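Student: I'm new to this structure and would like a close look at one part of it, the pocket and what lies around it. Could you walk me through that slowly, and then link it to the rest of the chain?

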Amino acid sequence: MNRSFALLTALALLGGCQAFSPSAPDGTPPVEEASPAAASEPKVYASFDKETLFALLTAELAGQRNRFDIALGNYVQQANATQDAGVAERGFRIAEYLGAEQAALDTALIWAKNAPDNLDAQRAAAVQLARAGRYDESMHYMESVLLRQGNTHFDFLALSAAETDPDTRAGLLQSFDRLLDKHPDNGQLLFGKALLLQQDERSEEALELLETQASKLDEVAPLLLRARLLQQLERGEEAMPLLEQGLERHPQDKRLRLTYARLLVQQDRLDDAKGEFTTLLQQHPDDDDLRFSLALVCLEAEAWREAIVYLEELVERGSHVDAAHYNLARAYEAIDEPESALIEYALVGPSNDFLPAQARQTDLLLAKQRGAEASTRLRKAREAQPDYAIQLYLIESEALAKQDRPDAAWDLIGQALEQYPDDLNLLYTRAMLAEKRDDLSQLEQDLRFILEREPDNALALNALGYTLADRTTRYAEAKELIEQAYRINPDDPAILDSLGWVNYRLGNLEVAERLLRQALQRLPDHEVAAHLGEVLWARGKQREARKVWAGALKEQPDSTILRSTLLRLTGSETL
């Protein structure tokens, strides 16, 4: 804890030790008045016996010494023992500060019970009961606040039900309807009901409620909910004028403008989005999340130099530093300053952007024939960040493979497996490299090892099954493996491709064509196109086969698998 206990004292609205002064001769605690006049009068509390006073003084001293556990324990104990509203409130404030949920609930209920006219006490009990999932009891306290026209936090009550079961939400919705029968014009009740309807996936009803009661729901939160519901219902274009009208009425509201700016990004109105984020940053110059969002919008709009300005500001301010360096590198690449990009990639520390930065840095260096430097940088990165060592080996291996250096990639993975002999990702990578080297024995050995450890590894099942179908005559075994992968992941187009190909090998041409059409529709890939074209050719549909191959060649003219398929079936690598 960095904050001092004095802050707790201020928040608690109690005066520390002086709060424990005697009051009425009979020892009965007085009821606090909820009026402004009463607030200016000195508070008077019940007299306490020696044991209670000692426990409370001990709690205060413990708090001053950062022993909040003792302070809270004593206050909860004495709140239960004395049923004093002031002690219970003090305990509640400390519990809230510490995030002690059960203690906060217990003391809030004691406070509310012994201060029935205190709106803060009734509201605290309602909120804590809602957090505990005791919604019916919470509504009782909420209505007590509502009857005196206080801020009821019905929205919190509805939001707290988001993770509950449907029966609980249905019961809470009935409670809202009962209160709406009594208070049909209460905007918070209407908003809370709309939230519950949305959580129950009844978006149309929620939107209708908000629109028909719009005059009673002119605040920002209901307006934002309407916009979100319109987007969910794929009516985002209707949300734009709604948000624009809201901004006219609430031009300084951050949430409203941020929602509008994000919607502009979704609609690819990047220049307009830049303007809105710029306005937000001017209104909130210390908000580095906004500064970072504006930088990303500039990158998306290809306003590279403008993005660089904001990203450099983030680095100077020590905020989003790793992400800023990574995106600075992207911007420098875009304006053809690769050396500056390499500097920025190297500055990205352990974070979500660390591995992408290492991968891009490696690609840049290899493209410039600086392979030795790339290897040196990755070796140093593995030494500095051993938790990332395996991923860094994989990055380097993939980059070498892309540079058509399979032997170097093979040696590197061998080196990695000496350190991490049982790592499944390294073994899978070696298996794929082994296939390129026609070492099917090594491929099968590695994939079988993976499947011993993870029998439901769809990636390994499919890789082994496809290789057996494509490179051997073990078709029945291949089909069994691929079908097992398909049962695990039926939506994977790569598995569909394998399943189509093995059926082709087995002579099931109609089934093969159907599966490969599905695969190509989901994954417009040159290898899938080569397979589908071959099946069509075998079925006498040569014209359609040529059309499929032509489309794939247009997208990937250097595809070796397409060229070899054409040469084998038509006698020419061109159409």
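Tutor: Let's start with the kinds of residue in the lining of the largest pocket: 16 are nonpolar, 13 are polar and 16 are charged. Keep in mind that this is a predicted model. The pocket itself has a volume of about 1,600 Å³. Its lining is made of 45 residues, and the closest to the centre are M432, E435, K436, H526 and E527.

Now for the helices behind that lining. At least two lining residues come from each of helix 23 (389-402), helix 25 (424-436), helix 27 (458-471), helix 29 (493-505), helix 31 (526-538) and helix 33 (560-570). Helix 27 gives the largest share, with eight residues. If you want to find the middle of the pocket on screen, go to M432, E435 and K436, which are among the residues closest to its centre, and then look across to H526 and E527, which also belong to that group.

Some of these helices deserve a closer look. Take helix 31, one of the helices that supply the lining. G533 sits in this helix. Is G533 buried or exposed? It counts as buried because its relative accessible area is 0%, and the cut-off for buried is under 20%. Setting aside residues up to four places away in sequence, G533 touches A545, V548 and W549. There is also a link further along the chain: G533 and L562 are 29 residues apart in sequence, yet their C-alpha atoms are 9.4 Å apart in space. L562 falls within the range of helix 33 (560-570), another contributor to the lining.

Next, follow the chain on from helix 25, which also supplies lining residues. D438 is in the loop between helix 25 and helix 26 (440-453). Its phi is near 60 degrees, which is a positive value in a residue other than glycine. D438 is exposed, with a relative accessible area of 54%. Go on into helix 26 and you reach D446. Here the picture changes: D446 is buried, at a relative accessible area of 2%. Apart from its neighbours within four places in sequence, D446 is in contact with L427, R430 and A431. Those three residues carry numbers inside the range of helix 25 (424-436). D446 also has a C-alpha separation of 9.5 Å from L426, a residue 20 positions away along the chain.

One stretch here has a label from a record. UniProt lists residues 493-526 as "repeat: TPR", in an unreviewed entry. In the model, that span is 82% helix and 0% strand, and its end C-alpha atoms lie 13 Å apart. The listed range begins at 493, where helix 29 (493-505) begins, and it ends at 526, where helix 31 (526-538) begins. H526, at the end of that range, is one of the residues closest to the pocket centre.

Now let's step away from the pocket and look at a few other places. Q361 lies in helix 21 (residues 354-367). With 2% relative accessibility, Q361 counts as buried. Not counting residues up to four places away, Q361 touches L342, Y345, A346 and R377. A273, in helix 16 (residues 270-283), is buried too, with a relative accessible area of 0%. Its contacts beyond four places in sequence are with A261, L264, V265 and V297. A273 and L258 are 15 residues apart along the chain, and their C-alpha atoms are separated by 9.4 Å.

There is another loop residue to visit, Q83, between helix 4 (68-82) and helix 5 (85-98). Phi of Q83 is near 55 degrees, again a positive value in a residue other than glycine. Q83 counts as partly exposed, at 24% relative accessibility.

Finally, here is the whole chain. It holds 33 helices and zero strands. Of its 575 residues, 46% are buried. Among contacts with a separation of 6 or more, 49% join residues 24 or more positions apart. The accessible surface comes to about 29,200 Å², and carbon and sulfur atoms account for 48% of that surface.

How values were computed: Residues are numbered from 1 along each chain as its sequence is written. This is a predicted model: local features need pLDDT of at least 70, side-chain atom pairs count only at pLDDT 80 or more; totals for chains, interfaces and linings use all residues. Side-chain values use heavy atoms; hydrogens and water are left out. Helices (H or I, at least four residues) and strands (E, at least two) are DSSP runs, numbered from the N terminus. Buried means under 20% relative accessible area, exposed over 50%, partly exposed in between (1.4 Å probe, protein chains only). Contact means heavy atoms within 4.5 Å. Accessible areas come from the Shrake-Rupley method with a 1.4 Å probe; for residues, only the protein chains shown count as cover. UniProt positions are given in the numbering used here, feature names are shortened, and annotations may be inferred rather than shown by experiment. On a 1 Å grid over the protein atoms alone, a cavity is a set of points where a 1.4 Å probe fits but cannot get out, and a pocket is an open set with protein on both sides within 12 Å along at least five of seven lines; lining residues have an atom within 4 Å of a point. Grid points are joined across faces, edges and corners, and a volume is the space filled by probe spheres set on the points. Ala, Val, Leu, Ile, Met, Phe, Trp, Tyr, Cys and Pro count as nonpolar, Asp, Glu, Lys and Arg as charged, and the others, Gly among them, as polar.
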